[in-house]
Amino acid sequence: MAKKRNADYILETIHVTKQFGGLVAVKDLSIQVPYQSIYSVIGPNGAGKTTFFNCITGFYKVTEGDILLDGESIVGLRPDIIVKKGISRTYQNIRLFQNLTALENVMVGHHPRMHAGWLGAVLNTPATRHEEAETRKLAMELLEFVGLKGYEQELATNLPYGQQRRLEIARALASEPKLLLLDEPTAGMNPSETEEMTNFIDNLRKELGITVLLIEHDMRVVMTISDYITVLDYGEKIAEGKPEDVRANPRVIEAYLGRGAATQHKAKAA
Amino acid sequence: MDKELKFTWSDIIKYGAIGGVVAVYVILIGMVVAFNERYIIAETLTLGQIALFAPTFLLAYFAANNARKIKSLSFSIIASALAGLVTGVFVAALLVLASKVNIREVFLNVSPELLEILHFGKDSLTGATIMIMIFNLAVGLLGGLFALTPRRWSNAILMGASLVALMGIMQELMSITFGNKDWFKPVSEFIYAKKGLSWGGTALFMLLGILGSLWRSSASLHPGTKIAKMPRRQQQTIRIASFLLGLIILLWLPRFLGSYPSEILTTVGIYIIMGLGLNIVVGFAGLLDLGYVAFFAIGAYTVGILTTTGKLATMEWGFWMALPAAVFLATMAGVILGIPVLKMRGDYLAIVTLGFGEIIRILVLSDWLKPYIGGAQGILQIPKPSIGDYAFKGPQQIYYIVLIGILLVGYIAWRLRDARIGRAWKAMREDEDVAEAMGIHLVSTKLLAFATGAAFAGLSGAIFAAKLGSIFPHSFNLIVSINVLSLIIVGGIGSLPGVVVGALILVGLPELLREFADYRMLFYGALLVAMMLVKPEGFIPEKTHARELHQKPLEPEVAPEAPAKEAI
C-alpha cells in the first residue's frame, strides 16, 4: 500500500478539549503522530484516554480544538465518514457483532470500501457479485492474518476471549485504515497472550504499513513497542516523548504511583 | 445453583396445581364446550377433551422432565402421574362446586353441557369424580412417559399426533373441497367416520407422521445427506428440479383445492408478503415496528381510491396501473415515518410506530377524509384485476397474483439478506454505535429498511384491496401489526421460510377452525409464551440465531477484567 503523505504527521490534534457539562474529560490536548509509528496514549484510569479516542473517531464532538488526519480536518464529521477517511478502531470492552459469524464481522468492516446498493443486490449484477467475492476473499485473508483461519463460520460470541480481540482487529483492518486505534488490546490477557498480541501489533506496522495509536495499561507492552508516548492525567498531557524519557519523568511516576514514590525515585536518582 | 437442582414432592404438587389452575381456566372460558363438537377421532376424542387435558399433559411433561434431571426414572414417572392427579383434583373440585352451587351467574360458561362433559358418561357425582381422577392420572402418566422417551421418538410421536389432529380438524374442509370428486368417496370412507377420523384413518396418519419424522431425523435417510454427497453439478440440477416441481404444485394447487381453500391460501399469502417485509425491518435491522399495518392500509387505500368505480370514483385506473402507485406511496410513507424515528431505539421506537399506525387508522375513519376515502363505509366496487380477457375474479385467480408477489418479495428479501446492505442491517441490529464506527451510514441504512418493509406491505395491501373488492377501516387495526409480528416470531425471527410457516400456523389454522375465533388472541398469547420458553428461535430458525440460543461457546470465557498492571 503506497501512501501519499500530505502532511508531516498522519494525525495531529490541536488543543483538543472535550467537556461534559462541568467535567473536562480532555483538556487542551495536542499530539502529533508520525507516519507508520506506534504511538501510545497512557495514563491512570479515568485520565480521558477513551474519551480522546471517541473524539478522534467522531463519536463525540470536540468542544474545542482541531483534529487533522493527513493534514485535513476531520472535526465535526460523522463516524462513518471518518472511517472512510481512514481511521478505524477497536474497543476496550470488545464490541463485536455478537450474533454474526467471524467472517460476517470482518465483511461488515469492509462496508465503507464497498459500493453495492439495494438495486445491485437485488439484481445480483456482475459488479455486485465481483465486489462480494473480493470482499469475502479479503475477509478470509484478514482472518488468516490474525490467526482465525478455520473459525470463519463461528459466531463471534462463541469465540474465546483472545480470539475475539483478534477478530475485532481484523474487522477494523477490513476498512483498510491508514490509522488504527487500539483501545487496550491486551486487557484481560495472560502474559503469554499479551506477548503474542505485542508481536502482532508490531507486525501490523511492519506488514501492512499502517500507523497504530494505542491505549494501553500494560507498561511492558507500551515500553516495548511504542515509538512515542503521551501520558495523560485528569485529561491533561503531563508528559510525552520516547519511552525512555517518559519512564524517567517524575510527574509520570507521581501520577501513577503517588507523590511518595516520586520523591523516592528522585532520591534514588540523586 | 443448588436451588435449581432440587425437585421435591412439593414441586410435584406445585406443577399439578399450575396445571389445575390452567385447566379450570380453560373450562371456565368455555373452550371445552366450544370445541366439544369437533371430533378428532370418531366417538372417542373431541377437541374439547384435548383442551381439557392439555394442561394436565403439559405440566406432567414438565414435571417429569425436570425431575429426570436429578431424580431416578421411577421417581420421574411417579412425579408425572401425581402431578396429573393433582390437576385432576382441581377439575373435580370445580365439578363438585358447580353441581352443588349455582356458579353460572358469575361464570357464564358453566353450562349443563359442560357438566355433562365433565361427568364422562357417569350419572353420579362420585362416579364422575373418580373418572376425572383416573383420566387425569392417566394423561399425567402419558405426559411423563412422553417426556422420558428419547428425543427422536418423542418428536416422531408428536409429529404423528399433530398430523392426526390436523386431519381431524380438516374433515369438514376436505368434504367441502373434494366432496364432488370421484376418488374422494372411498378415501373418505376409509379415513373418516361420520364425525372425526376413523380408527383406520387415525392409525394411518399416526404412522405417516411417525415414519415421516423418523425419516427426516435419520441422518442416513435424510435426502439432504445424500444430495450433499453428490457432485456439485448434480446438486444444482436437483435443486432446480425440486424448485420447478414445487412451483408446478403451487401453480396447480388452486385448481385442485377449489374456491374455499384457495381463499384461505390467498389470505395466508397476503400475510406472508407482509411478514417478509416486517422481517426485514424487525428481523434483519432490529427496528421494532408496531405500526406496520399503516403501510398495508396505504397500499390498500391507494388501489381503492385509484380504481374504484363506485361513489368515490376518481381515476378509475386499472389495477396494474394503481399497483405501482400503491407500492410507491407506501414506500414514501415508510421513509416519512423513518425520518422522525431515526434517533429512537427499542421501546421508544415501538411506541412511536404504534402511534403512527393509529394515526393512519384514525385518518381513514375520519369525517375529514370521508369525501375521499369513505370513512367507516369504506371504499366499494374496487374492480378485479385483469390481463386482456383473463379476469382475476375469484380467490382461485387472485391466488396467482399473491403467489407472484410472494416469489418476488421473497427473492428480494433473500438477495438483500446476504448482501452488503443485509450485513449492514444485521450489524445495526447488533450494535448501532459500532455499526456507525465501522462506516455504516445509519440514516440511509435505517431508511432503506423502513422503505423496503413498507413497500412489501404496500404491495400486500394493494392485492388485499383487489381481492376483497371493497375495503373498510376495521381491516386495518392494530391487530394486523400484531399478527404479522407474531407470525415472524413463531416462524423464527430473521428466517424467510419461517415467515411462511408462521403465516400458515397463525393465519391458516384459525381459518380452519371457526370455533376458534373467540379464542384467537388467547391462542396467540399462549403460543408466543410457549414458544419463548421452549423454542425461542422459532419453528424454522435463521441458522445463526439457532446457534446463538443453543450452542455453547467454544471455551469458557475468560473474565475480561484483569488487574491493571500500572507499575512502571
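**View 1. Strands β9(A) and β10(A) pair in the antiparallel sense, with 5 bridges between them.** Strands here are DSSP runs of E with at least two residues, helices are DSSP runs of H or I with at least four residues, and both are numbered from the N terminus. Two strands count as paired if DSSP finds at least two bridges between them. Look for I229(A), whose bridge partner in β10(A) is G241(A). The two strands make a hairpin with 2 residues between them, and Y234(A) takes a positive phi near 45 degrees there.

A quick word on what you're looking at: this is a predicted model, where local features need pLDDT of at least 70 and side-chain atom pairs count only at pLDDT 80 or more, while totals for chains, interfaces and linings use all residues. Residues are numbered from 1 along each chain as its sequence is written, and chains are lettered from A and ligands numbered from 1 in the order in which they are written.

**View 2. Zoom out a little and you get an open sheet of 6 strands in chain A, with mixed pairing.** Read across it and the order is β6-β7-β8-β3-β9-β10. At the edges sit β6 (87-89) and β10 (236-241) of chain A, each pairing on one side only. From one strand to the next, the twist averages 20 degrees. Angles run from 0 to 180 degrees between N-to-C directions, using lines fitted to C-alpha atoms, which for helices cover the stretch in contact.

**View 3. Here are two parallel pairings from that sheet, plus a helix that packs on it.** β6(A) runs parallel to β7 (residues 179-183) of chain A, over 3 bridges, and S88(A) has L180(A) as its bridge partner in β7(A). Helix α7 (residues 191-208) of chain A packs on the sheet and touches β3 (38-42), β7 and β8 (211-215) of chain A. Its direction makes about 155 degrees with that of β8(A). Contact means that the C-beta atoms of two residues, placed from the backbone, lie within 7 Å. Meanwhile, β3(A) and β9 (residues 228-233) of chain A are joined by 4 bridges and run parallel; Y39(A) stands opposite Y228(A) in β9(A).

**View 4. Strand β1 (residues 9-20) of chain A runs antiparallel to β2 (residues 23-34) of chain A, joined by 8 bridges.** E12(A) stands opposite Q32(A) in β2(A). β1(A) and β2(A) form a hairpin with 2 residues between them, and G21(A) in the turn has a positive phi of about 55 degrees. β1(A) also has 5 bridges to β4 (residues 64-69) of chain A, again antiparallel, and T17(A) stands opposite E64(A) in β4(A).

**View 5. This is where the two domains of chain A meet: domain 1 (1-86 + 177-270) and domain 2 (97-175).** The bounds come from an automatic or database domain assignment. Taken over C-alpha atoms, the domain centres are 27 Å apart. The contact takes 9 residues from domain 1 and 7 residues from domain 2 of chain A. On the domain 1 side, helix α2 (residues 79-85) of chain A gives the most, with 3 residues. That side divides into 5 nonpolar, 1 polar and 3 charged residues. Nonpolar covers Ala, Val, Leu, Ile, Met, Phe, Trp, Tyr, Cys and Pro; charged covers Asp, Glu, Lys and Arg; the others, Gly among them, are polar.
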